[in-house]
Amino acid sequence: MASRADQVAANLSLAKFGQATELRKRIWFTLGALVIFRLLSFVPLPGVDPVVLADLYDQTRGGVLDIFNTFSGGSLERMSLIALGVMPYITASIVVQLAAALSPTLAAIKKDGEAGRKKLNQYTRYGTVGLTAVQGYFIAVGLESFASQSGLQAVVEPGYMFRIGAVISLVGGTLFLMWLGEQITSRGIGNGISLIIMAGIVAQMPTFVGNLLEGSRSGSFSPLLIVGLIAMVVGLVLFICFMERAQRRVLIQYPKRATQHGVMQADRSHLPLKVNTAGVIPPIFASSLLLMPLTVSQFAGNATAGESAFGDFVITLNQYLAHGQPLYMALYAAGIIFFCFFYTAVVFNPEETAENLKKNGGFIPGIRPGKNTADYLDYVLTRITVVGAAYLALVCVLPEYVMAQTNLPIFFLGGTSLLIIVNVTVDTVTQIQSHLLALQYGDLLKKAKLKGGRRRR
């Protein structure tokens with residue numbers, strides 16, 4: 001059943017959009033920042049030949065680099081200044097979040113409120129610089145070594161000067177994107193980092209549609225197959241929208257409060273538990289771990305085959321872990337389910353929630369406060385996480401199966417990409433509705449003359 005807030009938001013008129021001056025400024029600022037992000041994705045690293053680099057990247061397709069390339073909007077393929085995108089920042093934030101849940105020292109900092117949040121954000125920035133520097137150095141070394149093995153020289157002048165310049169450029173590009181995302185969050189609309197990732201994914205849609213139409217014109221793809229693909233994508237988007245808004249509301253009751261006018265009724269509230277508490281983290285972790293061996297073997301080169309038992313093992317393993325293989329899809333689904341339970345246990349602490357309810361006088365009807373409440377919340381969360389894990393596994397494995405059966409290049413329309421696009425779009429639209437709703441309430445207050453004046457004596 002829709003809540004009162006959802007009903008009010010559904011009745012909003014788009015005519016109010018013309019009166020929302022601040023909202024228009026925020027939207028224009030967000031669009032301008034995303035345009036800057038897209039322009040930077042075409043600025044190559046100094047000392048890199050973009051033409052030769054495109055040929056080298058074609059030889060490494062199908063590995064974990066495709067994931068980072070998708071999230072960066074093709075910046076990694078072009079080896080631009082923002083080739084790493086915001087992935088180092090995302091990785092650093094996840095690591096700090098996991099450490100805050102496991103380390104008592106960081107957990108105490110997290111409980112300090114706004115000051116603790118700023119300190120953890122500072123640790124995240126430091127981690128971003130370190131991760132970007134390490135990844136940038138390995139990318140520079142990999143470009144030099146991989147180019148020498150393949151016979152194509154993508155680096156104009158290999159050496160330490162190129163490596164230092166590449167590391168400085170990549171660190172600067174990632175930090176600029178991090179700053180740009182923070183500016184979008186504070187001065188624009190929506191979450192800045194999430195919008196940058198979504199913009200990178202959506203930016204590849206024209207290329208995908210063009211390739212699909214070209215394949216249909218040449219006879220590679222039948223029209224019925226394209227219609228089926230469109231129907232599948234629309235169905236997955238609707239299913240994701242439904243599941244991402246699904247939640248289990250646990251009834252919370254507070255004791256009656258005595259006032260000057262008598263005893264009031266007991267207050268009631270709800271503790272919303274999302275079905276998909278882990279978000280898009282499980283698919284990212286699972287796909288990165290599965291595709292790591294393929295990426296390592298591609299950078300090592302096919303020359304390792306036949307030279308050692310380890311090289312033969314890696315090559316054989318890659319054949320079974322290729323996209324669409326049964327072993328790959330089974331391990332992918334198992335990894336998603338594992339990380340879904342693991343990350344949910346990290347981000348939601350039933351003991352802490354039960355303790356907060358006990359301090360505020362709240363309780364679940366029929367459940368004693370304290371340990372019994374924590375056990376009940378853990379029981380409910382485990383049951384709904386089973387549904388959430390199955391939902392994530394289905395959404396992520398189905399595009400892989402279709403891609404394997406039809407040979408359609410729909411990697412960027414995978415489950416992870418669709419999850420990011422839908423979640424970010426829903427969050428942005430919700431914030432736009434909040435601004436319009438605030439404007440509507442402001443008009444109601446003006447009409448009711450409740451702005452407040454001086455009281456007559």
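These are my notebook entries on cores, one buried serine and a surface patch in a predicted model.

Conventions. I number residues from 1 along each chain as its sequence is written, and my side-chain values use heavy atoms, with hydrogens and water left out. Because the model is predicted, local features need pLDDT of at least 70 and side-chain atom pairs count only at pLDDT 80 or more, while totals for chains, interfaces and linings use all residues.

Entry one, the cores. I looked up the largest nonpolar core (buried Ala, Val, Leu, Ile, Met, Phe, Trp, Tyr and Cys residues joined through side-chain atoms within 4.5 Å; buried means under 20% relative accessible area with a 1.4 Å probe, protein chains only), and among its 61 residues Phe37, Ile240, Tyr332, Tyr391 and Leu419 touch the most other members. Helix H15, residues 326-347, gives the most to this core, with nine residues. Another core lies apart from it, with 16 residues that include Ala140 and Val155.

Entry two, Ser41. I found Ser41 in the loop between helix H2 (21-40) and helix H3 (50-58), helices being DSSP runs of H or I with at least four residues, numbered from the N terminus. Ser41 counts as buried because its relative accessibility is 0%, and its side chain reaches the backbone oxygen of Arg38 at 2.5 Å.

Entry three, the surface. I noted that Val134, Tyr137, Phe138, Tyr160, Met161, Ile164 and Ile168 form a nonpolar patch with about 830 Å² of accessible area together (Shrake-Rupley, 1.4 Å probe, only the protein chains shown counting as cover for residues; patch residues have over 30% relative accessible area and no salt bridge, a side-chain nitrogen of Lys or Arg within 4 Å of a carboxyl oxygen of Asp or Glu, and nonpolar side chains are joined within 5 Å, like charges within 9 Å). H9 gives the most to the patch, with four residues.

Definitions and conventions. Buried means under 20% relative accessible area, exposed over 50%, partly exposed in between (1.4 Å probe, protein chains only). A polar contact is a pair of N or O atoms within 3.5 Å; within protein, one must be able to donate a hydrogen and the other to accept it, and residues adjacent in sequence count only if both atoms are side-chain atoms.
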